[in-house]
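This report describes the fold of one protein chain, beginning with strand pairing and proceeding to helices, selected residues and overall dimensions.

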Amino acid sequence: MAGPVPELEDRAMACAERLCEADRVLLASHIDADGLTSAAIAAQALERAGLPFETVFEKQLDADAIAAIAATDYETVLFTDFGSGQLDIIGEHEDEGAFTPVVADHHQPADRETEYHLNPLLFGINGASELSGAGASYVLARALAEVSDSEPAVAADGGEANEMSPSSSEPRSDGGTVVADAATTPRADNRDLAALAVVGAVGDMQASGGELHGANEKIVAEGVEAGVLETGKDLALYGKQTRPLPKLLEYATDVHIPGISNDESGALRFLDGLDLELKRDGEWRRWSGLTNDEKQTVASALVKRAVSSGVPATKIDQLVSTAYVLPEEPVGTELRDASEFSTLLNATARYERADVGLGVCLGDRDAALERARKLLRNHRRNLSQGIDLVTREGVTHEDHVQWFHAGDEIRETIVGIVAGMAMGNAGISRSKPIVAFAEKNDEEVKVSARGTHSLVRQGLDLSAVMGEASRAAGGDGGGHDVAAGATVPKGEEEPFVERADDIVGEQLS
Ligand SMILES: [Mn+2]
């Protein structure tokens, strides 16, 4: 049986076989939507293979974090959604015999190799757009199902309780059950985990141009086959499951529709003119609750409005994209939509509650889900307070960039989002990138930069800006052309801005 991504199959099998040789495994993963789904996929695959394990999360896998991992008694460590970029440091511990690393990652590898290294970039697959950390973990999970299935002796060895069990709603299966079910149910081959892999990919912004590509597409196909995913063309707006209709339209700003986007009363007037039942039982209806005819009515009117107000055809095309729906989740919940699901996970990650995000991924629909929703509400409140603060206090304009310093008034984990969302407000331009500082700790400052797609088309590459300017200031950074981040020593803010201003000036000239 071939895995979902043939190029990775041999390496995935080697990694899976190595894991099955372990008595127990330490699973270390990144704290973000992709890292959380990676960990959830790996955790379920290890559990189903009867391998005891424990999970740890890190915001950054730095030398200290790796040393702490090396100091544990674990002899086998599975890194997911990070590890490749840190193989130089990991390798030193491996050489000393501290542990054997197994890595399922999609980031640029450091200048060092290791035997059990599963990364799309090693096999000619794009790690930024075709496979995420969760995708790599899924490929490994599929291989694990096959390896543990063909070696019942290993699968049967899963009697020891492991630390994950309390937060998992899955009943712990004994090895015999795993083997017996292998031929008939999707669960036994781990295909049901494809839904989480898609949530991770979407959370890592891999659905460029509105849909997933390459290896990701193959994972989607397996999820559809397993009945855990549905795909179809739909309105490309965020919040189709949970947002009341007027808010869905008002907050949709990727494609700006004059008189609707960012316009509360305009969005209401637009809906009022549609001859549609807008409320039911006194509550605004949501997109996910509309019939197909009703959806068609809204979508057509939206396109008509866009055309008549001069929105270019290329932009209008972007109003439709592929939706990834998790049909086993209830209608009208975040969990049913891959994009809303990943936002919920990010809300837990940004407040360092990986345990909550992981619990939700593992099926906890009570305490963990309730807590995650609370974190998301809190996150949204923090964002709107941050945007108000920046708009009120204003930004400083240089020739080519604009910037502000939030000190400790905006968390460093959200200051970049705040900066991006504040662009276009009074006094904050959309024709210059915005640079935001926030305190990280006593010695360091976090810098986040955001641009617009229009600036990127003119030559802006914030990844290069943040990398160069931060290294000149004794820090480090990088990211994407339209959004990037860095960390610099405290007190280096002004020289950083000067240098960033120069580089942006060169890029846009
Ligand atoms: Mn990732």
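In this predicted model, Thr 76 stands opposite Thr 100 in β4. The two strands concerned, β3 (residues 76–80) and β4 (residues 100–104), run parallel and are joined by five bridges. They belong to an open sheet of five strands, whose order is β2-β1-β3-β4-β5 and whose pairing is parallel. Because β2 (53–58) and β5 (116–118) each have a single partner strand and stand at the edges, one side of each has no neighbour in the sheet. From one strand to the next the twist averages 20 degrees. Strands of a sheet pair through backbone hydrogen bonds, in either a parallel or an antiparallel manner.

Within this sheet, β1 and β2 also run parallel, and six bridges join them. Val 25 stands opposite Phe 53 in β2. The edge strand β2 has two faces: Phe 53, Thr 55 and Phe 57 form the covered one, whereas Glu 54, Val 56 and Glu 58 form the uncovered one.

**Helices around the sheet**

Helix α2 (residues 33–48) lies across four strands, namely β1 (25–30), β2, β3 and β4, and runs at about 160 degrees to β1. Leu 46 is found in this helix. With 27 other C-beta atoms within 10 Å, Leu 46 is buried, since the threshold for burial is 20 or more such atoms. Not counting residues up to four places away in sequence, Leu 46 touches Val 25, Leu 27, Leu 51 and Phe 53. Two of these partners, Val 25 and Phe 53, are the residues that stand opposite each other in the pairing of β1 with β2.

Leu 46 also lies 9.6 Å from Ala 16, C-alpha to C-alpha, although the two are 30 residues apart in sequence. Ala 16 is one of the buried residues of α1, which are Arg 11, Ala 12, Cys 15, Ala 16, Leu 19 and Cys 20. The 13 residues of helix α1 (residues 9–21) should span 18 Å at 1.5 Å a residue, and the end C-alpha atoms are 19 Å apart, which agrees.

**Loop residues**

Three loop residues illustrate the classes of burial. The table gives the location of each and its number of C-beta neighbours within 10 Å.

| Residue | Loop | C-beta neighbours | Class |
|---|---|---|---|
| Asp 81 | between β3 and α4 (87–95) | 32 within 10 Å | buried |
| Gln 318 | between α13 (313–317) and β9 (320–325) | 14 within 10 Å | partly exposed |
| Asp 275 | between α11 (264–272) and β7 (279–280) | 8 within 10 Å | exposed |

Phi of Asp 81 is near 60 degrees, a positive value in a residue other than glycine. Asp 275 likewise has a positive phi, of about 55 degrees, although it is not a glycine. The surroundings of these two residues differ: Asp 81 is buried, whereas Asp 275 is exposed.

Gln 318 is in contact with Gly 210, Ala 236, Asp 254 and Val 255, leaving aside its neighbours within four places in sequence. Gln 318 and Leu 235 are 83 residues apart in sequence, yet their C-alpha atoms are 8.9 Å apart in space.

**Annotated spans**

Two domain annotations come from an unreviewed UniProt entry. The annotation "domain: DDH" is listed for residues 25–140. This span is 35% helix and 22% strand, and its end C-alpha atoms lie 14 Å apart. The annotation "domain: DHHA1" covers residues 407–505. In that case the end C-alpha atoms lie 26 Å apart, and the span is 37% helix and 24% strand.

**The protein as a whole**

The protein contains 20 helices and 15 strands. Its radius of gyration is 24 Å, close to the 23 Å that the globule rule gives for 509 residues, so the protein is as compact as a globular protein of that length. The C-alpha trace spans about 65 × 55 × 40 Å along its principal axes. Of the 509 residues, 48% are buried. Among contacts with a separation of 6 or more, 66% are accounted for by residues 24 or more positions apart.

Notes: Residues are numbered from 1 along each chain as its sequence is written. This is a predicted model: local features need pLDDT of at least 70, side-chain atom pairs count only at pLDDT 80 or more; totals for chains, interfaces and linings use all residues. UniProt positions are given in the numbering used here, feature names are shortened, and annotations may be inferred rather than shown by experiment. The radius of gyration is taken over C-alpha atoms; the globule rule is 2.2 Å times the number of residues to the power 0.38. A residue is buried if 20 or more other C-beta atoms lie within 10 Å of its own, exposed if 12 or fewer, and partly exposed in between; C-beta atoms are placed from the backbone. Two residues are in contact if their C-beta atoms, placed from the backbone, lie within 7 Å. Two strands pair if DSSP finds at least two bridges between them. Axes are lines fitted to C-alpha atoms, for helices over the stretch in contact, and angles run from 0 to 180 degrees between N-to-C directions. The expected span of a helix is 1.5 Å times one less than its number of residues.
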